[in-house]
Each structure stands twice: as structure tokens, then as C-alpha cells.
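Hi,

I have a structure to hand over to you, and it follows just below. After it I have put together some notes on how the strands are arranged.

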Amino acid sequence: MILYSGVNNAMLDYNKNKKIFLYFIKFFIITCSYFCSNVYAVEFNLPHGVSSISRNIYDLHMTIFWLCVVIGIIVFGILIYSLIKHRRSAGHEAHDFHENTTVEIIWTIIPFIILIVMAIPATKVLKFMHDDKKPDLNVKITGYQWRWEYEYLGDNIKYFSSLSTPQSQIHNLEQKDELYLKEVDHPLVLPINKKIRFLFTSNDVIHAWWVRDLGIKKDAIPGFINESWVRIDTPGTYYGQCAELCGVNHGYMPIVVIAKTEEDFAKWLQEQKKPKQTKA
Ligand SMILES: [Cu+2]
């Protein structure tokens with residue numbers, strides 16, 4: 001009878017473990033499918049963006065993300081398995097030992113190798129982001145409290161880009177539209193498929209020019225020039241903002257970039273030059 005109840009208990013334990021394990025697998029599959037779905041990609045993940053840099057950043061981010069998922073599954077898998085398998089109620093007793101040189105060497109070397117594996121693609125992306133040699137176009141971007149100034153170097157074009165949301169919307173006298181605090185009077189116009197080098201600086205305090213679809217976030221520092229570059233591959237309008245706490249109107253200095261085809265950009269450039277030619 002005692003033997004029988006022992007077998008019965010073991011069977012119950014086995015069924016319980018199996019149930020817990022199946023719940024864990026279900027949870028894992030649901031989590032993975034959610035993370036892989038478009039909902040996750042649109043709502044929470046980094047955007048693919050429209051430049052070679054933003055795509056490189058996205059790919060690096062996903063590589064590191066999945067590497068972390070694999071590490072998480074292995075570590076938590078072993079942990080949960082050990083907790084269930086070696087629990088006291090199953091008749092196991094805790095071992096009394098500490099300082100195991102072999103284990104310590106293993107748990108130092110494995111993370112070291114993982115870090116090297118992560119550092120290789122990260123360094124490649126960083127190198128790629130810093131290679132701003134041989135640009136087709138140079139644009140100087142200056143931060144002001146609280147607007148941006150864009151200067152097309154060599155083309156004698158220079159203008160300010162300021163928030164264009166009406167004050168009536170800011171003071172709740174009118175309904176806020178879709179582009180509330182995102183719109184500007186003169187957007188930055190750029191050509192697609194051209195290497196554009198940006199030179200960032202500031203006239204007063206530190207600002208940061210951030211357009212996530214282009215994969216660019218650079219500090220604009222007074223008395224200092226920061227550099228970055230982009231090659232946009234899709235025409236469109238891309239929004240960004242100042243990402244440095246730069247004063248009371250920090251939230252009111254958005255960025256709008258309009259990427260045009262090469263022909264349309266050439267036309268726009270000509271139009272910008274026209275008034276100056278007539279004056280001369
Ligand atoms: Cu700012």
C-alpha cells in the first residue's frame with residue numbers, strides 16, 4: 001500500500017511537472033509570435049527606416065535582441081528545470097560547497113566570448129556610420145533656442161526652420177491636428193540616393209538633431225562640429241525632434257525632412273537660388 005501510494009505520488013509529480021513545462025512552452029511560443037508580429041514591429045520596435053544607416057542599426061539591434069533571447073531561454077530553461085528537478089519535495093538535498101575554480105573560469109569565459117561575438121557586428125556598424133568620406137552634398141545644421149538653421153554648403157542656400165503649429169492649438173483654443181508640434185515652416189529638403197554629409201553645431205546651448213527614420217541622432221554643440229551622413233533610399237516626409245533638454249521651448253523645435261527624387265531636388269534647388277539671382 002505504501003509502495004503503491006509512492007508510485008502514485010511520483011505519477012502526480014510527473015504530470016504536474018509536465019503541465020508546468022507545457023505552460024512554459026505555450027508562454028514562450030505566444031511571446032515569440034507576438035514579438036515577431038507586425039504589431040510589435042510597428043508599436044514598440046525600432047523602425048527599419050529609409051537609409052542604409054538605419055537599416056544597419058535595425059539589423060544590429062535584431063541580431064543582439066535574438067542573441068539575448070537565446071541566452072535568456074538557455075539560462076532560464078536550465079534554472080527552471082533545475083528548480084523543478086532538484087526540489088526538496090522530490091527528495092533532493094542541497095549540496096554544501098563553494099568556490100569551484102572550474103565553474104568560475106567557465107562563467108567568466110562564456111560571457112567574454114558572447115561580448116566579443118556582439119562587439120564584431122557593432123563595430124562594423126559604427127565604422128560604417130562614421131565613414132562620411134566623399135559626400136555628394138554638405139548640409140550644415142545649426143541649433144538655436146528654439147529652431148534649426150539649414151545651410152547647403154557651396155549652394156549659397158541658408159534658412160531657418162521653425163515650428164509652424166499655430167499658437168491657438170498650443171493654447172487649446174483650436175482643435176489640435178495630426179501634426180501638432182511636428183510641423184515646421186521650412187523643412188529640410190534632401191535628394192534620395194545621394195551621400196549627404198551633415199555638420200552639426202549650435203549657436204547657444206547643446207541641442208540634438210534626431211530623425212529616427214534616417215538613423216541619425218547627433219548632438220549640436222556650440223563651438224564644436226559633429227559629423228554624420230545619410231543616403232536616403234525612399235522619397236517621403238520624415239519627422240524628428242530635438243533630443244536634448246535645451247531650455248523652456250525644447251519641445252517646440254521639431255524637424256521635418258522631405259526626401260525628393262534627384263530631379264525634383266534639382267528643381268527645388270533652382271527655385272531656392274532664383275530670388276537671389278534676380279536681386280543680383
Ligand atoms: Cu534643442
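Two strands pair if DSSP finds at least two bridges between them. Please keep in mind that this is a predicted model.

With that criterion, strand β1 (residues 137-144) is a good place to start. β1 and strand β2 (residues 147-152) run antiparallel and are joined by 6 bridges. The two form a hairpin, with 2 residues between them. One of the pairs here is G143, whose bridge partner in β2 is W148.

β1 also pairs with strand β5 (residues 196-202); these two run parallel, and 7 bridges join them. In this pairing, N138 stands opposite R197 in β5.

How do these pairings fit into the sheet? There are 5 strands in an open sheet, in the order β3-β2-β1-β5-β8, and the pairing is mixed. The edges are taken by β3 (157-161) and β8 (226-230); each has a single partner strand, so one side of each is left without a neighbour in the sheet. From one strand to the next, the twist averages 20°.

As a general reminder, strands of a sheet pair through backbone hydrogen bonds, either parallel or antiparallel. In this sheet, β1 shows both kinds, antiparallel with β2 and parallel with β5.

Best wishes

Note on methods: Residues are numbered from 1 along each chain as its sequence is written. This is a predicted model: local features need pLDDT of at least 70, side-chain atom pairs count only at pLDDT 80 or more; totals for chains, interfaces and linings use all residues. Helices (H or I, at least four residues) and strands (E, at least two) are DSSP runs, numbered from the N terminus. Axes are lines fitted to C-alpha atoms, for helices over the stretch in contact, and angles run from 0 to 180 degrees between N-to-C directions.
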